[in-house]
Amino acid sequence: PLHKAVVSTQSTGDYKRRVVQLRSYSPTTPAPQPSGLVRATCWSEEVEECYRFQTAGYRDVREYCHLQGVTEEEVKRWPHNGYIKMLLSRNGAFIYFNKDRECQDKDLHKCKIFNYNGTE
């Protein structure tokens, strides 16, 4: 089973604290299947985003959102550049990413960019 992070705020007197609970989550429909893929040959923001999702064990933002039951707007991002800030990996661990580029040139060949029905 996959895990979904549920964040809530609890107030106790003058204090507020964020509570993160992991709950089992099973999507009812299969994840969208890509129609093809290309390997990255040079760095771009699209490659950076794919690299971060693939580091967490997902194909891309579509698969992550489908399996975690969140929308693209709910994915945690750095405000100044829009890069992924935090993801919940397939094994339930939180993965935190730096503000700057993480996909180095030596790792470009590992990154796959998926196409869906000839789009993107």
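# Exercises on a predicted fold

At 8% relative accessibility, Ser89 counts as buried. The structure is a predicted model. The exercises start from this serine and work outward.

## Exercise 1: Ser89 and its surroundings

Place Ser89 in the chain, and find what it touches beyond its neighbours in sequence.

Solution.
- Step 1. Locate the residue. Ser89 sits in the loop between β5 and β6 (94–96).
- Step 2. Check its cover. Buried means under 20% relative accessible area. Ser89 has 8%, so it is buried.
- Step 3. List its contacts. Leaving out residues up to four places away in sequence, Ser89 touches Ala56, Tyr58 and Ile95.
- Step 4. Turn to Ala56. Without its neighbours within four places in sequence, Ala56 is in contact with Leu87, Ser89, Arg90 and Ile95.

## Exercise 2: The nonpolar cores

Name the residues of the largest nonpolar core, and say which element gives the largest share.

Solution.
- Step 1. Recall the general tendency. In soluble globular proteins, nonpolar side chains tend to be buried together.
- Step 2. Collect the members. The largest nonpolar core has 12 residues: Phe53, Ala56, Tyr58, Val61, Tyr64, Cys65, Leu67, Val75, Ile84, Leu87, Leu88 and Phe97.
- Step 3. Sort them by element. Both α2 (61–68) and β5 (84–88) supply at least two residues of this core.
- Step 4. Find the main contributor. With 4 residues, α2 gives the largest share of this core.
- Step 5. Look for another core. A second, separate core has 8 residues, among them Val47, Leu108, Cys111 and Ile113.

## Exercise 3: Helix α2

Decide whether α2 is mostly covered or mostly open, then examine its two ends.

Solution.
- Step 1. Count the buried residues. In α2, 7 of its 8 residues are buried, and the helix is mostly covered.
- Step 2. Name them. They are Val61, Glu63, Tyr64, Cys65, His66, Leu67 and Gln68.
- Step 3. Look at the start. There, a side-chain oxygen of Asp60 comes to within 3.2 Å of the backbone nitrogen of Arg62.
- Step 4. Look past the end. Gly69 lies just after α2 and takes a positive phi of about 70 degrees.

## Exercise 4: Helix α1

Work out which elements the buried residues of α1 pack against.

Solution.
- Step 1. List the buried residues. In α1 they are Val47, Glu48, Cys50, Tyr51, Arg52 and Phe53.
- Step 2. Follow their packing. These residues pack against α2, β5 and β7 (112–115).
- Step 3. Move past the helix. Gly57 follows α1, and its phi is positive, near 100 degrees.
- Step 4. Check the confidence. Among the elements of the chain, α1 has the highest mean pLDDT (96), and strand β2 (residues 15–25) the lowest (59).
- Step 5. Set this against the whole chain. The mean pLDDT of the chain is 84, and 75% of its residues reach 70 or more.

## Exercise 5: Cysteines

Find out how many disulfides the structure has, and explain why Cys111 is without a partner.

Solution.
- Step 1. Search everywhere. The whole structure has 0 disulfides.
- Step 2. Find the closest sulfur. For Cys111 it belongs to Cys50, 5.0 Å away.
- Step 3. Apply the cut-off. A disulfide needs sulfur atoms within 2.5 Å. The 5.0 Å separation is therefore too far for a bond.
- Step 4. Check the cover. Cys111 is buried, at 1% relative accessibility. Cys65 is buried too, at 10%.

## Exercise 6: Salt bridges

Compare the cover of the residues in the Arg52–Glu48 pair with that in the Arg101–Asp105 pair.

Solution.
- Step 1. Start from the principle. Side chains of opposite charge can pair when their charged atoms come close.
- Step 2. Take the total. The structure holds 6 salt bridges.
- Step 3. Inspect the helix pair. Arg52 bridges to Glu48, with the closest N and O atoms 2.8 Å apart. Both lie in helix α1 (residues 45–55), 4 residues apart, about one turn of the helix.
- Step 4. Check the cover of this pair. Arg52 is buried at 0% relative accessibility. Glu48 is buried at 1%.
- Step 5. Inspect the other pair. Arg101 and Asp105 meet at 2.6 Å, N to O. Arg101 is partly exposed at 31%, while Asp105 is exposed at 55%.
- Step 6. Add a network. Salt bridges link Arg59, Glu63 and Arg90. In the bridge from Glu63 to Arg59, the closest N and O atoms are 3.7 Å apart. Glu63 and Arg59 are both buried.

Key:
Residues numbered from 1 in each chain as written. Predicted model: local features only at pLDDT ≥ 70, side-chain atom pairs only at ≥ 80, totals over all residues. Heavy atoms only, no water. Core = buried A, V, L, I, M, F, W, Y, C linked by side-chain atoms within 4.5 Å. Buried < 20%, exposed > 50% of the residue type's maximum accessible area, 1.4 Å probe, protein only. Contact = heavy atoms within 4.5 Å. Polar contact = N/O pair within 3.5 Å; in protein donor to acceptor, adjacent residues only side chain to side chain. Salt bridge = Lys/Arg side-chain N within 4 Å of Asp/Glu carboxyl O. pLDDT = per-residue confidence, 0-100.
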